[in-house]
Amino acid sequence: MVAEIIWKRLYSYLIDMIIISVPMYVYMIVFWDKFITITPGNLLMTALMIQFLPFLVYSFVAEAYFGKTVGKKVMNLKVIAEKNRYKSVLIRSICRLIPLDLITFIFLGDQLLYDYLSNTKVMYQ
């Protein structure tokens, strides 16, 4: 059961990343001239603005208002907040920036670190 939800969550994440990445790559192609002139000092901030910020906003809005992202809908999953939904989902979204989060399945069972820190669970519908 735990292995099944891990795979469903992984596929859900990949679907969401495709949904976010395709428009971002189109944006980069359209504005390629601006991207090739980025200095190394501005590269990190640009990468954060292009990839991570849209994903965090997408995740927060989808999970706060609908309880799931498109990837979770396809995989029949839903985010359940134990207390204040908006606060929990905001914490969950911000905690997604923690690297190596997937390894926490070993210690927390069917939860990721950001589920644990935000008091949320991902359940089958």
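## A tour from Asn 119 to the salt bridges

Start by selecting Asn 119, which is partly exposed, with a relative accessible area of 35%. Asn 119 sits in the loop between helix H7 (113–118) and S2. The model on screen is a predicted one. Look at the backbone of Asn 119: its phi is positive, about 55 degrees, although the residue is not a glycine. Most residues other than glycine have a negative phi.

Go next to Asn 76, in the loop between helix H4 (70–74) and S1. Phi of Asn 76 is near 60 degrees, again a positive value in a residue other than glycine. Asn 76 is partly exposed, and its relative accessible area is 43%.

**The whole chain**

Zoom out and colour by secondary structure. The chain has 7 helices and 2 strands. Along the sequence they follow the pattern α-α-α-α-β-α-α-α-β. Of the 125 residues in the chain, 37% are buried.

**The two strands**

Select residues 77–81, which form strand S1, and then residues 120–124, which form strand S2. How many bridges join S1 to S2? There are 5, and the two strands run antiparallel. For one position across the pair, pick Lys 78, which stands opposite Met 123 in S2.

Now show the side chains of S1. Leu 77, Val 79 and Ala 81 make up its covered face. Lys 78 and Ile 80 are on the uncovered face.

**Helix H5**

Select residues 85–95 for helix H5. Begin at its N-terminal end, which is capped by Asn 84. A side-chain oxygen of Asn 84 lies 3.2 Å from the backbone nitrogen of Tyr 86.

Then turn the view to look down the helix axis. Which residues of H5 are buried? They are Ser 88, Val 89, Arg 92, Ser 93 and Cys 95. Seen this way, the buried residues of H5 fall within an arc of 165 degrees, so they line one face of the helix. Lys 87 and Ile 94 are exposed, on the other side of H5.

**The salt bridges**

Keep Arg 92 selected. At 0% relative accessibility, Arg 92 counts as buried. Add Glu 63, which is also buried, with a relative accessible area of 0%. Arg 92 and Glu 63 form a salt bridge, and their closest N and O atoms are 2.9 Å apart. Arg 92 lies in helix H5 and Glu 63 in helix H3, so the pair ties together parts that are 29 residues apart in sequence.

Add Lys 72 to the selection. Glu 63 forms a salt bridge with Lys 72 as well, with the closest N and O atoms 3.0 Å apart. Is Lys 72 buried or exposed? Lys 72 is buried. Glu 63, Lys 72 and Arg 92 are thus seen linked in a network of salt bridges. A search of the whole structure finds 2 salt bridges. Side chains of opposite charge can pair when their charged atoms come close.

**From Lys 72 to helix H1**

Leave Lys 72 on display and select Tyr 11, a residue of helix H1. From C-alpha to C-alpha, Tyr 11 and Lys 72 are 8.6 Å apart in space, while 61 residues separate them in sequence. Tyr 11 is partly exposed, with a relative accessible area of 41%.

Stay in helix H1 (residues 2–30) and move to Ser 21. Ser 21 is buried, at a relative accessible area of 11%. A polar atom of the Ser 21 side chain lies 2.7 Å from the backbone oxygen of Met 17.

**The nonpolar surface patch**

For the last stop, show the surface and select Leu 44, Met 45, Leu 48, Met 49, Phe 52, Leu 53, Val 57, Val 61, Tyr 65, Phe 66, Tyr 86 and Leu 97. These residues make a nonpolar surface patch of about 1,200 Å². Which helix gives the largest share of the patch? Helix H3 (residues 40–66) does, with 10 residues. One residue to pick in H3 is Leu 53. Leu 53 counts as partly exposed, at 39% relative accessibility. Tyr 86 also belongs to the patch; the backbone nitrogen of Tyr 86 is the atom that lies 3.2 Å from the side-chain oxygen of Asn 84.

Note on methods
Residues numbered from 1 in each chain as written. Predicted model: local features only at pLDDT ≥ 70, side-chain atom pairs only at ≥ 80, totals over all residues. Heavy atoms only, no water. Buried < 20%, exposed > 50% of the residue type's maximum accessible area, 1.4 Å probe, protein only. Helix = DSSP H or I, 4+ residues; strand = E, 2+ residues; numbered from the N terminus. Arc of directions from axis to C-beta. Polar contact = N/O pair within 3.5 Å; in protein donor to acceptor, adjacent residues only side chain to side chain. Pairing = 2+ DSSP bridges. Patch = residues over 30% accessible without salt bridge, like charges linked within 9 Å, V, L, I, M, F, W, Y side chains within 5 Å. Areas by Shrake-Rupley, 256 points an atom, 1.4 Å probe, with all protein chains shown as cover. Salt bridge = Lys/Arg side-chain N within 4 Å of Asp/Glu carboxyl O.
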